[in-house]
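Here is a set of questions and answers to work through with the model on screen. Each answer ends on the item asked for.

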Amino acid sequence: PVLVVDFGAQYAQLIARRIREANIYSEIVPSTMSLAAMLAKEPAAVVLSGGPSSVYAEGAPQIDAALFDAGVPVFGICYGFQAMATALGGRVDQTGRREYGGTTLNVTGKDSRLLRDLPDQVNVWMSHGDSVAEAPAGFTVTAHTVDTPIAAFENLERRFAGVQYHPEVVHSEHGQEVLKRFLYDVAGLEPGWTADSILTDQIDLIRAQIGDRKVICGLSGGVDSAVAAAIVHKAVGDQLTCVFVDHGLLRAGEREQVQRDYVAATGIKLVTVDAQEQFLTALAGVTEPEAKRKIIGREFIRSFENAAASIAQEEGGVDFLVQGTLYPDVVESGGGTGTATIKSHHNVGGLPDDLKFALVEPLRALFKDEVRLLGAELGLPPEIVGRQPFPGPGLGIRIIGEVTHARLELLRTADAIVREELTAAGLDTAIWQCPVVLLAEVRSVGVQGDGRTYGHPIVLRPVSSEDAMTADWSRIPYDLLAKISNRITGEVADVNRVVLDITSKPPGTIEWE
Ligand code: XMP
């Protein structure tokens, strides 16, 4: 792999993704990992990421200078650029000038392998206080900015290069091109990481792990479990049984989509558990969000366990459970720093230990966009592959107040209208997701037809986001909002008002509960 050394900023995952978009496999490692452990991974190249520290600050993360004697190509970005310069005998100064945001990069190295044929001036994204003041011996300086005399350098003989700016962010023009040039032209790597090759590798691994034993998978309707199950099915066929728990908190058409479209596309054996009454009974009278989430999680596990037990009986034992764990989860939990639980997320991961399944996690090395590519490669329908995120507890956490049958019906109708209109307007990819929320305990006065009404508000919460960690509210055209509002108040009984949530995250979370 190409190792991306994480110096503690949010950029490492983005860099790793960009490298993979260049069809080369990459992995993230913490900067605290020993050089021996890094080299044990036989890196094809090492990329030193950006980070929040100053290379001179006490306790600033360091890179073992022996890395540069290991014969491995190295690319330094931002902090990594400075760490590289320092380790190789160059000098980094605190200039007192800070560059943040867009800056003009003046490209001077016409023979540069990294920057050749770029325009003389390129807009790039900077974020630094310190600057490299003196390049290490043997390096050619190839670019500068107004405030940074050394903004890019390279040493082709040793296959080293670096840039002060962030080529991985979309605001840096030609960023991906520069990254590719490092990988292909400086490091000499061959692109070979494609959906096709990932699939072949994963199928071999799964066959080796499962052999001729039995495996089950919980489907949520979401893209991760759908793709994970499809890969496992491709590998071991009918040794896999899928379980879909219909908790009654699904959106319109979701159950049918899984039962019909997904099964048609994959040929997977599917058991649907009809647990609507069980969930509604358990949720009766409950309004507190965390309590709802816990109950839904608990009932989900219960239903899944029961289904698993009867499948195990029929199949003569089940040894494996498929999970759609993604690479960011692995990186983030491997980071070790316990992040606060803001909301208790529920998925099949909450299964108790005494179920005694070994886990099969075919997506453990993949980013979300790669999962979608694989899904397409596996022939899954676009409605499943391109699906926006939807929380496990479903509409249960989008009814503010007690969850009842009637309220679920109402919210399902409103939600279907919103989805239909956003899709028709071609906004499905521009919008990350759009929760539709029913304020079931709020009423306001309205006038509909000839009469006074006293109905509930529906909240629209369209957001744009890269990863759901942060989000902004989507600027949806007014005309479209008007259309949605008219349709909801006209078509959904007991709703007489539609409001728009204009809060970013933070401070608001995406969901209301
Ligand atoms: P918040 O509300 O925390 O949501 O800003 C971030 C993202 O996570 C989704 N979400 C969940 N997904 N189980 C899930 O699988 C959950 O319990 C859950 N809660 C929130 C939410 O839709 C958004 O995409």
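Q: How many of the five residues of strand β17 are buried?
A: This is a predicted model, in which local features need pLDDT of at least 70, side-chain atom pairs count only at pLDDT 80 or more, and totals for chains, interfaces and linings use all residues. Residues are numbered from 1 along each chain as its sequence is written. Strand β17 covers residues 444–448 and lies largely in the open, because the number of buried residues (20 or more other C-beta atoms within 10 Å of their own, C-beta atoms being placed from the backbone; exposed is 12 or fewer, partly exposed in between) is zero.

Q: Which residue of β18 is the bridge partner of G446?
A: Strands here are DSSP runs of E with at least two residues, helices are runs of H or I with at least four, and both are numbered from the N terminus. Two strands pair if DSSP finds at least two bridges between them. β17 and β18 (residues 451–460) run antiparallel and are joined by five bridges. In β18, the partner of G446 is T453.

Q: Which residue in the turn between β17 and β18 has a positive phi?
A: The two strands form a hairpin. Two residues lie between them. The one with a positive phi, about 65°, is G449.

Q: Is S474 buried or exposed?
A: S474 sits in the loop between β20 (472–473) and α14 (478–491). Its contacts (C-beta atoms, placed from the backbone, within 7 Å), not counting residues up to four places away in sequence, are I431, P462, V463 and S464. I431 is 43 residues away along the chain, yet the two C-alpha atoms are separated by 6.8 Å. With 20 C-beta neighbours inside 10 Å, S474 counts as buried.

Q: What is the largest C-alpha distance among the "active site" residues listed by UniProt?
A: The unreviewed UniProt entry places this feature at C78, H166 and E168. UniProt positions are in the numbering used here, feature names are shortened, and annotations may be inferred rather than shown by experiment. The three residues are spread over 91 residues of sequence but cluster in space, with a largest C-alpha distance of 10.9 Å.

Q: Which "active site" residue does H166 touch?
A: H166 lies in the loop between β9 (160–163) and α4 (175–186). It is buried, because 23 other C-beta atoms lie within 10 Å. Leaving aside neighbours within four places in sequence, its contacts include Y11, W125 and, from the UniProt feature, C78.

Q: Which residues of helix α1 does E168 touch?
A: E168 is in the loop between β9 and α4. It is buried, with 27 other C-beta atoms within 10 Å. Helix α1 covers residues 11–21 and is largely enclosed by the rest of the structure, because nine of its 11 residues are buried. Not counting residues up to four places away in sequence, the contacts of E168 include Y11, L14, I15 and R18.

Q: Which residue follows α1 with a positive phi?
A: The buried residues of α1 include Y11, L14, I15 and R18. The helix is followed by a residue whose phi is positive, near 65°. That residue is N23.

Q: Which residues does G222 touch?
A: For "binding site", the unreviewed UniProt entry lists S220, G221, G222, V223, D224, S225 and A226. G222 is in the loop between β10 (215–219) and α6 (223–236). G222 is partly exposed, because 19 other C-beta atoms lie within 10 Å. Not counting residues up to four places away in sequence, it touches R387 and F390.

Q: Is A226 buried or exposed?
A: A226 is in helix α6. Not counting residues up to four places away in sequence, A226 touches L219, Y262, G375, L380 and I384. With 28 C-beta neighbours inside 10 Å, A226 counts as buried.

Q: Which element gives the most to the largest nonpolar core?
A: A nonpolar core is a set of buried Ala, Val, Leu, Ile, Met, Phe, Trp, Tyr and Cys residues joined through C-beta atoms within 7 Å. The largest has 137 residues, and V215, A229 and V232 have the most contacts inside it. V215 is in contact with V232, among others. With 10 residues, the element that gives the most is α6.

Note on methods:
Contact = placed C-beta atoms within 7 Å.
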